[in-house]
Amino acid sequence: MGNRELSHPAVGEEGEFRNIFVKNSFVAVMEKTMEPVTVGQKVLKPAVGLINRLHYPQKFALISVCFLLPLGLAIFLLLSEIQGQIQFAQLEQQGLAYLGPLQQLQQTVLMQPLTSLGLNHWHFPADQLAQAQERWGKKLATERDYGDLEQGLSQVGNISQDTSEQILQAIAVLRTKVGNQSNLILDPDLDSYYLMEALLLKLPQLQTDLAQLGRIIAAHSGKGLSPVEESRLLVIKAQLAQLRTSLVKNLGVAFTHNARQQLQPRVINSLNGLTTVLEELEQSLTGVITGQIKLNDAQLNQQSQWGLLNSLHFWRVLSPELDQLLSQRIQNFQQRQWLLSTFVLATLAIAVYLFWGFYASVMGTIASLSSAAEKMVAGSETKAVELQTQDEMAEVVHAFNTVADALCRLTEKLQDENLRLEAEIDITRKLQQMLMPSEQELAAVAGLEIAGFMESATEVGGDYYDVLQTNGQVRISIGDVTGHDLESSLVMIMAQTALRTLLEHGVTDPVKLLSAMNRTIYENTRRMGSSKNMTLSVLQYEAGLIRLSGQHEEVLIIRSNGETEQIDTFELGFPLGLEQDISAFVTEREITLNSGDLAVLYTDGITEAMNSQRQFYGIERLQTVLCQHRRQTPEEIRHQAIADLKHFLGDQPAEDDVTLLILKQK
């Protein structure tokens with residue numbers, strides 16, 4: 001009696017028997033596969049205790065934080081250092097930009113006696129300097145020094161000869177302040193440093209000495225040199241020689257350390273010209289001091305003026321070169337910053353992806369085991385859990401499958417796969433029919449008479465059309481999914497559902513509408529493992545105006561007077577489901593319908609229909625039929641067009657889904 005009960009349990013006892021068997025077997029398997037690790041048990045006990053109290057998302061979050069905190073701090077400090085270098089160079093550029101109008105003002109003062117300057121000579125560089133002060137003065141802290149210079153300039157035209165020296169001194173003070181505050185004096189690279197030194201120190205001093213020499217020559221009485229004049233000439237000659245030698249030497253170092261070797265070819269000619277003029281001037285000054293040349297000699301005066309002009313020109317040559325070096329340095333830092341950020345983000349993305357994959361793998365295994373256990377407890381047949389891994393979880397799954405195989409003998413077999421598929425196809429076909437717009441919905445559209453036709457080549461199809469009125473707006477859509485099978489019909493249902501949902505939520509912009517639909521279909525088809533995609537056109541109708549967007553077949557316009565138009569939709573959108581983002585491809589076109597005009601939408605199942613002679617039906621034949629019957633109602637036009645298509649096919653069955661939608665303006 002007891003054996004019979006074990007072998008053939010009663011219906012009421014079978015569930016309890018199965019529950020006990022599954023639970024005991026599963027517990028035994030888990031106890032066997034999760035034996036405690038003895039190595040380092042005492043050391044790892046706190047960590048194991050903490051990890052065992054957490055769920056998997058919490059475990060991953062805890063481990064990720066422990067790794068990311070020091071890594072994030074290091075990356076932050078590195079990026080901050082790079083950003084600091086960029087800001088350092090940008091401040092140098094601002095200082096160099098400030099020096100431009102300042103140098104122009106010095107040139108104006110040096111070239112003529114200040115007392116003879118009119119407003120037209122010094123007003124422009126002064127205005128340029130004022131603009132530079134307004135833009136960068138606060139950052140460079142030059143308000144006080146600029147105020148002293150501005151006060152000196154306000155006295156131009158009614159001053160003594162010494163005022164020019166005072167203004168030049170104020171310019172020199174302001175230049176020094178700009179160089180210090182803008183980091184120019186701290187430039188870290190040899191090539192840009194020596195360019196800065198020439199622009200900020202050497203050339204302004206050279207220009208001042210040459211201008212002073214010019215004033216000495218102009219003030220000379222024509223007699224022999226006085227002791228004061230001789231002393232001043234000796235000092236100027238020595239300074240010119242020192243500045244020339246220093247310029248050649250330092251710029252030679254800059255040429256050598258210029259990474260791209262572009263500096264020397266651009267600067268060398270101007271440098272050689274300046275040094276040649278200075279050497280000739282030094283020789284002439286030697287002649288003046290020794291008495292061989294008179295101080296008021298015209299050639300000496302010309303050499304002095306020519307030297308001043310060359311030094312001013314050389315300043316204008318070096319300034320853009322320094323600016324370019326600074327720009328290149330900023331660009332290099334920005335590229336380094338971009339590469340570092342990209343590398344960090346890519347590495348982080350890969351790490352997140354792998355963590356996500358690991359988490360999904362573990363949770364997928366746990367979910368599979370849990371689902372299989374529930375099915376076994378419920379008494380349904382369960383397939384073996386498959387796990388394509390070689391880690392410890394695979395052994396757990398293998399042990400679980402051993403238990404599942406024993407229990408599967410107690411469950412009933414599943415129905416035949418073909419019956420299941422037929423049931424799914426039948427449900428899908430009914431869903432397609434239910435989602436078609438009813439005659440009442442079509443008649444409710446104000447301003448339009450509408451007739452539609454759709455026929456699948458097989459049990460279910462991939463063609464789609466719909467007429468929706470939401471929030472007082474009319475949306476007419478037509479689409480064609482690749483193929484005409486169950487997957488195609490599912491994609492069609494996705495499209496209809498997505499479009500209705502978006503319209504119900506007030507999404508009317510065609511770019512947002514089609515982009516959102518595309519993302520839905522793209523993600524769902526990827527999840528299904530399907531390569532299906534669809535063409536789709538959406539028409540917004542209001543008071544005789546159609547706004548057309550989306551890529552599909554051409555829209556046929558049949559005017560009441562018999563004129564026909566073919567509206568190409570190729571550039572109005574992109575097939576849905578091919579790319580993740582199609583927003584850049586979506587545009588809109590407006591079509592105006594007058595009373596009696598037709599707008600005809602169709603799928604390629606009509607135009608590409610092929611008869612037994614392998615001839616295509618073609619768009620021209622469809623256009624001819626529509627034009628002939630344009631004065632009839634949309635229902636009659638639809639009947640005539642479909643009848644002509646079937647007459648063309650004869651006994652040849654349609655190889656693709658056929659959809660036709662006729663809109664007639666009232």
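Leaving aside its neighbours within four places in sequence, E441 is in contact with M436, Q469 and R500, where contact means heavy atoms within 4.5 Å. E441 is found in helix α14 (residues 439-443), helices and strands here being DSSP runs numbered from the N terminus, with H or I over at least four residues for a helix and E over at least two for a strand. With a relative accessible area of 34%, E441 is partly exposed, a class that lies between buried (under 20% relative accessible area) and exposed (over 50%), computed with a 1.4 Å probe and protein chains only. The C-alpha atoms of E441 and V467 are separated by 7.7 Å, although the two residues are 26 apart along the chain.

The structure is a predicted model, in which local features need pLDDT of at least 70 and side-chain atom pairs count only at pLDDT 80 or more, while totals for chains, interfaces and linings use all residues. Residues are numbered from 1 along each chain as its sequence is written, and side-chain values use heavy atoms, with hydrogens and water left out.

One open sheet consists of 5 strands in the order β2-β3-β4-β5-β8, with antiparallel pairing; two strands pair if DSSP finds at least two bridges between them. Because β2 (463-470) and β8 (588-592) stand at the edges with a single partner strand each, one side of each is left without a neighbour in the sheet. From one strand to the next the twist averages 20 degrees, angles being taken from 0 to 180 degrees between the N-to-C directions of axes fitted to C-alpha atoms, for helices over the stretch in contact.

Within this sheet, β3 (residues 473-481) and β4 (residues 534-542) run antiparallel and are joined by 8 bridges. D480 has T535 as its bridge partner in β4, and I476 stands opposite L539 of β4. L539 in turn has L548 as its bridge partner in β5, and β4 and β5 pair in the antiparallel sense over 5 bridges. These two strands form a hairpin with 2 residues between them, and A543 in the turn has a positive phi of about 50 degrees. β4 is mostly covered, since 7 of its 9 residues are buried.

Two helices lie across the strands of this sheet. Helix α15 (residues 486-504) lies across β2, β3 and β4, running at about 15 degrees to β2, whereas helix α16 (residues 510-528) lies across β4, β5 (545-549) and β8, running at about 150 degrees to β4.

Another open sheet of 5 strands has the order β1-β10-β9-β6-β7, again with antiparallel pairing. Its edge strands are β1 (448-455) and β7 (564-567), each of which pairs on one side only, and its twist averages 15 degrees from one strand to the next. Strand β9 (residues 598-602) pairs with strand β10 (residues 658-665) in the antiparallel sense over 5 bridges, and L598 has K664 as its bridge partner in β10. Helix α18 (residues 619-628) packs on the sheet and touches β6 (555-558), β7, β9 and β10, its direction making about 30 degrees with that of β6. Helix α19 (residues 634-649) also packs on the sheet, touching β1, β9 and β10, and its direction makes about 30 degrees with that of β1.

Elsewhere, V352 lies in helix α11 and, at 46% relative accessibility, counts as partly exposed.
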